[in-house]
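Q: Please take me through the terms used for this model, and set each value against the cut-off behind the term.

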Amino acid sequence: MANDNGSPGFDPGRLDWDKGDGLLPVVVQDASNLRVLMLGYMNREALEATLASRRVTFFSRSKQRLWTKGESSGHVLELVSVDADCDDDTLLVLAHPQGPTCHLQRASCFPSAPSAFLSDLDALVARRERERPADSYTTRLFESGTRRIAQKVGEEGVETALAAVAQDETALLGESADLLYHLTVLLRARGLSLADAVDVLRERHGAK
């Protein structure tokens, strides 16, 4: 079953390798935002190499050999988890891409593949924290310190509440967006992420 540590207990022997003459289709998603990145194929040896190396490896039908994604470009896919569908003949892989997945230098081989925007925002805020570009409002927030960022979250929370009772839907949505953004920055300032907060919600939901 899929998990968040590379699926060390995943058993390739459970899969129906005979159905596709030894090859199974593999859908790869970005573990951070769930964008579909690509479709490839694995034989058993490729899957075993993926699990052992933690880098996603396919069987190339054109080269007729094992092919680790990024072996030439360096844009590897770092394995997070692998899971099989209900018929054990298709794989779903979650990975962290190290650079563009598509040979056209796009994030995904599917140009319109959707992603979870809040995850993209969180990743952007994390980059701003590391790189601190001089012309960035996010940089100025980080450099103002946690106390000031927390104050901004409080202000945006009040403005969101006021918009809910005294303004129209457009104003409420605008204030809500400001609140989410500043909360994302505050969490990063404390070494946390939106995903960490979502994990708490997920745990609470599971406990109900």
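Q: What makes the contact between R188 and D122 a salt bridge?

A: The model is a predicted one. The closest N and O atoms of R188 and D122 are 3.2 Å apart, and a salt bridge requires a side-chain nitrogen of Lys or Arg within 4 Å of a carboxyl oxygen of Asp or Glu, so the pair of R188 and D122 qualifies. The bridge links distant parts of the chain, because R188 lies in helix α5 and D122 in helix α2, 66 residues apart.

Q: Why is D122 called buried, and why is R188 called partly exposed?

A: Buried means under 20% relative accessible area, and partly exposed covers values between that limit and 50%. D122 has 7% relative accessibility and therefore counts as buried, whereas R188 has 22% and therefore counts as partly exposed.

Q: How do you know that R148 and E155 form a salt bridge, and which residues are linked with them in a network?

A: The closest N and O atoms of R148 and E155 are 3.5 Å apart, which is within the 4 Å cut-off. R148 is partly exposed at 33% relative accessibility, and E155 is partly exposed at 28%. The network of salt bridges links R148 and E155 with K152 and E156. By the same cut-off, the count for the model comes to 10 salt bridges.

Q: What makes K152 and E156 a salt bridge, and where do the two residues lie?

A: The side chains of K152 and E156 meet at 3.7 Å, N to O, which again is within 4 Å. Both residues lie in helix α4 (residues 146-166), four residues apart, about one turn of the helix. K152 and E156 are both buried.

Q: What describes the packing of helices α2 and α3, and which residues meet there?

A: Two packed helices are described by the angle between their axes and the distance between the axes. For α2 (residues 117-131) and α3 (residues 137-144), the angle is about 65° and the axes are 9 Å apart, and the crossing is right-handed. V125, R128 and E129 in α2 meet T138, T139 and F142 in α3.

Q: What is notable about phi at Q64 and at Q105?

A: Most residues other than glycine have a negative phi. Q64, although not a glycine, has a positive phi of about 55°, and phi of Q105 is near 70°, also a positive value in a residue other than glycine. Q64 is in the loop between β3 (57-60) and β4 (65-68), while Q105 is in the loop between β6 (91-97) and α2.

Q: Why are Q64 and Q105 called exposed?

A: The term requires over 50% relative accessible area. Q64 has 54% and therefore counts as exposed, and Q105 has 53% and therefore counts as exposed too.

Q: Is S81 buried or exposed?

A: S81, in strand β5 (residues 77-84), has 2% relative accessibility and therefore counts as buried, the limit being under 20%. The C-alpha atoms of S81 and A31 are 8.6 Å apart, although the two residues are 50 residues apart in sequence.

Q: Which residues make a nonpolar surface patch, and how do you know that L180 can belong to it?

A: F117, L118 and L180 make a nonpolar surface patch of about 300 Å². Patch residues need over 30% relative accessible area; L180, in helix α5 (residues 169-189), has 39% and counts as partly exposed, so L180 passes that limit.

Note on methods: Residues numbered from 1 in each chain as written. Predicted model: local features only at pLDDT ≥ 70, side-chain atom pairs only at ≥ 80, totals over all residues. Heavy atoms only, no water. Patch = residues over 30% accessible without salt bridge, like charges linked within 9 Å, V, L, I, M, F, W, Y side chains within 5 Å. Areas by Shrake-Rupley, 256 points an atom, 1.4 Å probe, with all protein chains shown as cover. Buried < 20%, exposed > 50% of the residue type's maximum accessible area, 1.4 Å probe, protein only. Axes fitted to C-alpha atoms, helices over the stretch in contact; angles between N-to-C directions. Left-handed = near helix turned anticlockwise from the far one by under 90°. Contact = heavy atoms within 4.5 Å.
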